[in-house]
Amino acid sequence: ALGALLVGWILVGQVRFAHLSMEQKVAGINDLNEVYRTLRTRMFDYLGLSDEIIMAREVHQLNAIAGMKGLMIPFESEPVIRQVAQRYGCHYLMLFGDPEAQSLRPSLHDIETNPHFERISEARMKGVHCSLYRILD
């Protein structure tokens, strides 16, 4: 009887933990959706970029949530990234995350000082940092 009580107690604890975990995940998804919708209105629309292609790693979210056309940043060298952008008529690149975290973007670690890119906007919402760059050539 004591064993069954213990197993029941553990099972209830696991169900409660899973429920709390799902609530937190849903809240995180809702926050992320709000970030993308806000980017659309307060950055892209504001800057007149609503019809532009935005190069990013998060192209699915940019398209599905913000309604923007996106092009995936290739995991290649910086010159290849610019060549791909030029081939598809993309003039803007968006990076998410801490700009100091070079490991997140090894080929773009020097984007702030690279003469081929110009940061034109940045935002921090719901703990998400993003920077928008114009690709100059």
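**Briefing: helix H3 and the strands around it**

The buried residues of helix H3 are Glu78, Ile81, Arg82 and Ala85. Because these residues cover an arc of only 95° around the axis, they lie on the same side of H3. The model is a predicted one, and its chain holds 3 helices and 5 strands, which follow one another from the N terminus in the order α-β-α-β-α-β-β-β. The points below start from H3 and then move to the strands, to two individual residues and to the chain as a whole.

**Helix H3**

- The buried residues of H3 pack against S1, S2 and S3, and also against strand S4 (117-125) and strand S5 (128-135).
- On the other side of H3, the exposed residues are Gln83 and Arg87.
- Proline 79 also has its place in this helix, which spans residues 78-87, and with a relative accessible area of 37% this proline is partly exposed, since the value falls between the limits of 20% for buried and 50% for exposed.
- Between proline 79 and leucine 108 the sequence separation is 29 residues, while the C-alpha to C-alpha distance in space is 9.9 Å.
- After H3 comes glycine 89, which has a positive phi, near 70°.

**Parallel pairing: S1 with S2 and S3**

- Strand S1 (residues 53-56) pairs with strand S2 (residues 69-72) over 4 bridges, and the sense of this pairing is parallel.
- Within this pairing, isoleucine 53 has lysine 69 in S2 as its bridge partner.
- To get from S1 to S2 the chain passes through helix H2 (residues 59-64), and the resulting β-α-β crossover is right-handed.
- S1 is also joined to S3, with which S1 runs parallel, by 2 bridges; here the bridge partner of methionine 55 is leucine 93 in S3.

**Antiparallel pairing: S5 with S3 and S4**

- S3 and S5 run antiparallel and are joined by 5 bridges, with leucine 93 standing opposite tyrosine 133 in S5.
- Leucine 93 therefore appears in two settings, as the bridge partner of methionine 55 and as the residue opposite tyrosine 133, when the parallel and antiparallel pairings are read together.
- S4 and S5 also pair in the antiparallel sense, in this case over 8 bridges, and methionine 125 stands opposite valine 128 in S5.
- The hairpin of S4 and S5 has 2 residues between the strands, and in this hairpin lysine 126 adopts a positive phi near 50°.
- S5 is mostly covered, given that 6 of its 8 residues are buried.

**Leucine 71 in strand S2**

- Leucine 71 belongs to strand S2, and its relative accessible area of 14% makes this residue buried, because buried means under 20%.
- Apart from neighbours within four places in sequence, leucine 71 is in contact with Ile53, Ile54, Met55, Ala56, Val59, Val84, Ala85, Tyr88 and Cys90.
- One of these contact residues, Ala85, is also among the buried residues of H3.
- The C-alpha atom of leucine 71 is separated by 6.7 Å from that of isoleucine 53, although the two residues are 18 residues apart along the chain.

**The aromatic pair**

- The structure contains 1 aromatic pair, made up of tyrosine 36 and phenylalanine 96, whose ring centres are 5.5 Å apart and whose planes stand at 40°, so that the pair counts as tilted.
- This pair links distant parts of the chain, since tyrosine 36 is in helix H1 (residues 2-45) and phenylalanine 96 is in strand S3 (residues 92-96), 60 residues apart.
- Tyrosine 36 and phenylalanine 96 are both buried.

**The chain as a whole**

- The chain has 137 residues, of which 32% count as buried.
- Among contacts in the chain with a separation of 6 or more, 53% are accounted for by residues 24 or more positions apart.
- The accessible surface of the chain is about 8800 Å², and 57% of this surface belongs to carbon and sulfur atoms.

Conventions: Residues are numbered from 1 along each chain as its sequence is written. This is a predicted model: local features need pLDDT of at least 70, side-chain atom pairs count only at pLDDT 80 or more; totals for chains, interfaces and linings use all residues. Side-chain values use heavy atoms; hydrogens and water are left out. Buried means under 20% relative accessible area, exposed over 50%, partly exposed in between (1.4 Å probe, protein chains only). Rings of Phe, Tyr and Trp (its six-membered ring) pair if their centres lie within 6.5 Å; planes under 30 degrees apart count as stacked, over 60 as edge-to-face and the rest as tilted. Contact means heavy atoms within 4.5 Å. Accessible areas come from the Shrake-Rupley method with a 1.4 Å probe; for residues, only the protein chains shown count as cover. Two strands pair if DSSP finds at least two bridges between them. A crossover is right-handed if, with the strands pointing away from the viewer, the path from the first strand over the helix to the second runs clockwise. The arc is that of the directions from the helix axis to the C-beta atoms.
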